Amino acid sequence: MTARPDFTLPEELLLLALDPLRGTPYCRNRFLQYGVVGAALAELELQGRITEERGRLSVINPLPPHDPILAAILASLPAPAKRRFSGSTSTYRMVRATGREIEGRYLDHLVAQGALARERRRFLGLFPYYRHPAGPDDWSAPVRERFAAAEAAGFPDPRSRLLAGLASAIGLSHAVTRRGRPGRSAMRALVRPHWASHAVHRNVRQDKNSQNGN
């Protein structure tokens, strides 16, 4: 296994969400797509490039990040504007509209890095789909160990709290906690405090309500 820098939040979320043997997510794939977008936006905020107010995103530093996917996401947002909210984007709508595309970019990137493999399958022998088990450089185990250490410490830093809140928002907490029900409750409490995980959760809840006919 070769050494590499720390993963971004969307990469970490994907590596937590995908079963390293089966290559399928532990949660619904549509929810994972929402989570990846939320994680990417949260990463941009951590890097000081965007801010959020009242459900709207604004660019505060247009300098492109080193990560090419984050740079493309940043470039897709309106340029900074002098008038309040005139150069902003709805967080909720962006999470909903760009999930499949952004998740696909990150999956391609992780496959190219050797962190994931890609297996082509066919549903009912007709419809193609892909699985993404661990690749030659399996980084899912170190990511899980780092998450477990953060959980044991009570998610002491903003980055670990963001990741835990996003995991709960997409229904992943049961697969990543090592503390059972108390661990799931602790992660659930981290969903609403941050705008990214809250926007993800809103989209997840809308999908569930639509399915239930509400």
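**Exercise 1. Determine which residues histidine 132 touches, leaving out residues up to four places away in sequence, and describe its setting.**

Solution. Step one is the contact list: with contact taken as heavy atoms within 4.5 Å, histidine 132 touches Leu18, Asp19, Gly23, Leu107, Val111, Leu116, Ala117 and Arg118. The model is a predicted one, in which local features need pLDDT of at least 70 and side-chain atom pairs count only at pLDDT 80 or more, while totals for chains, interfaces and linings use all residues. Residues are numbered from 1 along each chain as its sequence is written, and side-chain values use heavy atoms, with hydrogens and water left out.

Step two places the residue: histidine 132 is found in the loop between β5 (127-131) and α5 (140-152), where helices (H or I, at least four residues) and strands (E, at least two) are DSSP runs numbered from the N terminus. Step three concerns accessibility: histidine 132 has a relative accessibility of 6% and counts as buried, given that buried means under 20% relative accessible area, exposed over 50%, and partly exposed in between (1.4 Å probe, protein chains only).

Step four turns to polar partners: the side chains of histidine 132 and arginine 118 are joined by a polar contact of 2.9 Å. A polar contact is a pair of N or O atoms within 3.5 Å; within protein, one must be able to donate a hydrogen and the other to accept it, and residues adjacent in sequence count only if both atoms are side-chain atoms.

**Exercise 2. Work out which parts of the chain are tied together by the salt bridge between arginine 159 and glutamate 12, and which network of salt bridges includes these two residues.**

Solution. The criterion comes first: a salt bridge is a side-chain nitrogen of Lys or Arg within 4 Å of a carboxyl oxygen of Asp or Glu, and the structure holds eight of them. For arginine 159 and glutamate 12, the closest N and O atoms are 3.9 Å apart. Because arginine 159 lies in helix α6 (residues 158-169) and glutamate 12 in helix α1 (residues 9-17), the pair ties together parts that are 147 residues apart in sequence. Arginine 159 is partly exposed at 28% relative accessibility, whereas glutamate 12 is buried at 7%. Finally, the network of salt bridges links Glu12, Glu43, Arg146 and Arg159.

**Exercise 3. Describe the salt bridge between aspartate 207 and arginine 96 in the same manner.**

Solution. The side chains of aspartate 207 and arginine 96 meet at 2.5 Å, N to O. Aspartate 207 belongs to helix α9 (residues 195-211) and arginine 96 to helix α4 (residues 91-113), so this pair connects parts that are 111 residues apart in sequence. As for accessibility, aspartate 207 is buried, with a relative accessible area of 11%, while arginine 96 is partly exposed at 24%.

**Exercise 4. Establish the strand order of the open sheet of three strands and its pairing.**

Solution. Two strands pair if DSSP finds at least two bridges between them. Strand β1 (residues 50-53) and strand β2 (residues 56-59) run antiparallel and are joined by four bridges, with glutamate 52 having leucine 57 as its bridge partner in β2. Three bridges join β2 to β3, again in an antiparallel arrangement, and serine 58 stands opposite serine 88 in β3. The resulting order is β1-β2-β3. Since β1 and β3 (88-90) stand at the edges with a single partner strand each, one side of each is left without a neighbour in the sheet.

The hairpin of β1 and β2 has two residues between the strands, and arginine 54 there takes a positive phi near 55°; this residue is exposed, with a relative accessible area of 67%.

**Exercise 5. Identify the residues with the most contacts inside the largest nonpolar core, and the element that supplies its largest share.**

Solution. A nonpolar core is a set of buried Ala, Val, Leu, Ile, Met, Phe, Trp, Tyr and Cys residues joined through side-chain atoms within 4.5 Å. The largest one has 57 residues, and Leu41 and Ile50 have the most contacts inside it. The elements that each supply at least two residues of this core include α1, β2, α3 (68-76) and α9, and the largest share, ten residues, comes from α2. Leaving aside neighbours within four places in sequence, leucine 41 is in contact with Ile50, Leu57, Ile73, Thr91, Met94, Val95 and Trp195.
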